[in-house]
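Student: Could you take me closely through one part of this model, a pair of packed helices, and then set that part in its surroundings?

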Amino acid sequence: MDAQADELHEKSLQLLKTTGCVFKDERALQIFAEAGAEVNFSKQLVRIPPRLVEDALRRCPKRVLLAARNPKYDVTLEEDRVYFGTSTLPINVLDLESGRLRRGTAQDCLDFPRLVDALSYIHFYKATIYPSDVPQETAVPWMIYGGFANTEKEVSSTPFTIDGALAGIRMAEIIAGGTAELKKRPLICFNVLCTAPLTWNATSVRILIKLAELGLPTIIGSEPQAGTTAPVTLLAATLLQNAETLAGITLAQIANPGLPVIMGAIGSISDLKTGNFCSGAVELGLMNSVAAQMSQRYGIPIYATGGMSDAKVSDIQAGYEKGIQLLITALSGGNYIHDAAGMLDHCLTLSYEQYVIDNEICGMVARALSGISFGDEFMALDLINHVGPTGNFLRERHTLQYLRSEHFLPELANRKARNDWEDEGSPTLVDRAKDKAREILEKHHPTPLPEDVDQELRQIIKRTEAK
Amino acid sequence: MSDLYTMFAEMVIDGNVEGIKGLTEQVLHEGAMAHTILEEGLLPGMNVVGRRFKAGDMFIPEVLLSASTMNAAMELLRPLLSASEAAPVGTIVIGTVEGDIHNIGKNLVTMLLEGARFKVVDLGVDIAPRAFVEAAKEHKPDILAMSALLTTTVPKMAETINALHEAGIRNHLKIMVGGAPVTQEFADKIGADGYASNAATAAEKARALLGE
């Protein structure tokens, strides 16, 4: 296993040294050139010497703190500690009442985080629905504002533009109480991605450099698709994903040595019948598994991916694709597992009920991760001897004491006898998830931001519009 | 003789590039007509490929191999065909709109359109409305096709259509749009002539727009 990880690493270095990586930004090319890389400015191609990559890896902190408005929700990324969270990509919503597909709105930007705030197995909120009913320049600020205002959990986002990133950072600074405070407790985190194969586009690079300069934790990753933007074999796709990520991390570390970075793995397969990105593929879990192993080899936290489905509605396909994929990624020790809740249909669509369902999937997977506890109390040998043959354990204090921690207690999965289920009206899982979502939306209110802070954040949205 | 043309069709379906070169040379040498090989051998083969692809029974790499196979035969036939027989069925200018760097979908559609014997001018990604207009003036395409993957960039499609109107050439061509956030409803709203939600249908729609 180690020998294979070593070889994947060596081949990544070789790829970056011989074929190189395109960076479509003058400044990035200069940064690389000054550091000793071989740069072809007209082709925007950088051939990176292995020692630059190794230096960069050594400089990456092993532990990265992503702070939450409420410190009890702080996310500490290290080793194989696992967190589950949401995703920034969807543009559509399956309306909770009508079930029809519609575009996302600013109201969804406020409602989704409030829902997530109440779901205990979802640990972080990646700003998640793109609002179509506001001026486009304000869309990202709306998404991030919704996260800060309506959940106390840790907030991150895809920036889409430099202005989007800066607006989010400004909001985070206001909540933190200043630039220095934000650096100590980074309340926002952004991801930048390579465009496979081996091409870092202008916007991503500029945002990467900006984030590096500001010293904020930065997710640097790639999302190759086996069969289209990467070779069809999973190993080669993982190699590209790794190399592209290393190239971005190297740039970041040259720009700001010691920058907290999180390496990102979002690669999957293309469906070779349609060319579509397969978000729900089991292969994504496998590629993530290898990426997690590499992250542990490098000692850098990983922005992992799992729990997605290409189903168009919350159906059986959604169940098994999400369950299987998330389990693989989580058991591999993916640290910051995004995309784990809410999404359907090639990352395009969210539904309120899917969040509730995915919360339960995350709960089951979390239970799988925690394994079987060992020790005398858990062996309960004395208890077994005491109860003896032909006894039962229902009345034992030990049972009551450990029942909640030893058994995962699902809210949605129905474990009643058929008769009892029929008496209840034969409710489906989706019905119950919708009811739960409605209940949360009606009753759950996270601690609001202080009024003046909330006003300032809304001002930032307005100022983005004026631009 | 019909068995012979079935062999051409089968080679196209199977993606037998080497085999079809040999067969084409042999059959031409024996006196067969180039246009008959095209009409009764190659095109029926590609039609089967098209049907199977749309039904989800063939993979894209297989379809591309079939297209390469047909091309290999066409290389040998082209000098012997009349100008109209050898010509592409139409010209398409395609690009991803301004601000958007996504290109797989566009590339896939391009490859399949070429397989369907269109001449395709691929402008690339991040193409501003005026660049589309310039390309339309230069290449005089039958169809101008736009792709976008981001909701932020989808509005550029309407802008491009406006730019074509202002340049006075909107009605000289047909407009097709596509990409994950694009819908039939949106395409209708901006006045596009065609929309396809997958690459297989795109080639079909393109032909339909040309009245094929």
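Tutor: In this predicted model, helix α6 of chain B, residues 104–115, and helix α10 of chain B, residues 199–209, pack at an angle of about 50 degrees, and α6(B) and α10(B) are therefore oblique to each other, since an angle that is neither under 35 degrees, nor over 145, nor within 65 to 115 is counted as oblique. The axes of the two helices lie 9 Å apart, and the crossing in which α6(B) passes α10(B) is right-handed. On the side of α6(B), the residues that take part are L108(B), V109(B), L112(B) and L113(B), and in α10(B) they meet A199(B), A202(B), A203(B) and A206(B). Sorted by class, this contact holds eight nonpolar residues, with no polar and no charged ones.

As for the surroundings, the domain assignment of chain B gives domain 1 as 2–86 and domain 2 as 90–209. The centres of domain 1 and domain 2 of chain B, taken over C-alpha atoms, are separated by 28 Å, and six residues of domain 1 of chain B are in contact with six residues of domain 2 of chain B. On the side of domain 1 of chain B that touches domain 2 of chain B, the elements that give two or more residues are α3 (34–54) and α4 (60–77) of chain B, with α4(B) supplying the largest share, four residues. By class, the residues on that side of domain 1 of chain B divide into five nonpolar, no polar and one charged.

Note on methods. Residues are numbered from 1 along each chain as its sequence is written. Chains are lettered from A and ligands numbered from 1 in the order in which they are written. This is a predicted model: local features need pLDDT of at least 70, side-chain atom pairs count only at pLDDT 80 or more; totals for chains, interfaces and linings use all residues. Axes are lines fitted to C-alpha atoms, for helices over the stretch in contact, and angles run from 0 to 180 degrees between N-to-C directions. A crossing is left-handed if the near helix is turned anticlockwise from the far one by less than a right angle, and right-handed if clockwise. Two residues are in contact if their C-beta atoms, placed from the backbone, lie within 7 Å. Ala, Val, Leu, Ile, Met, Phe, Trp, Tyr, Cys and Pro count as nonpolar, Asp, Glu, Lys and Arg as charged, and the others, Gly among them, as polar. Domain bounds come from an automatic or database domain assignment.
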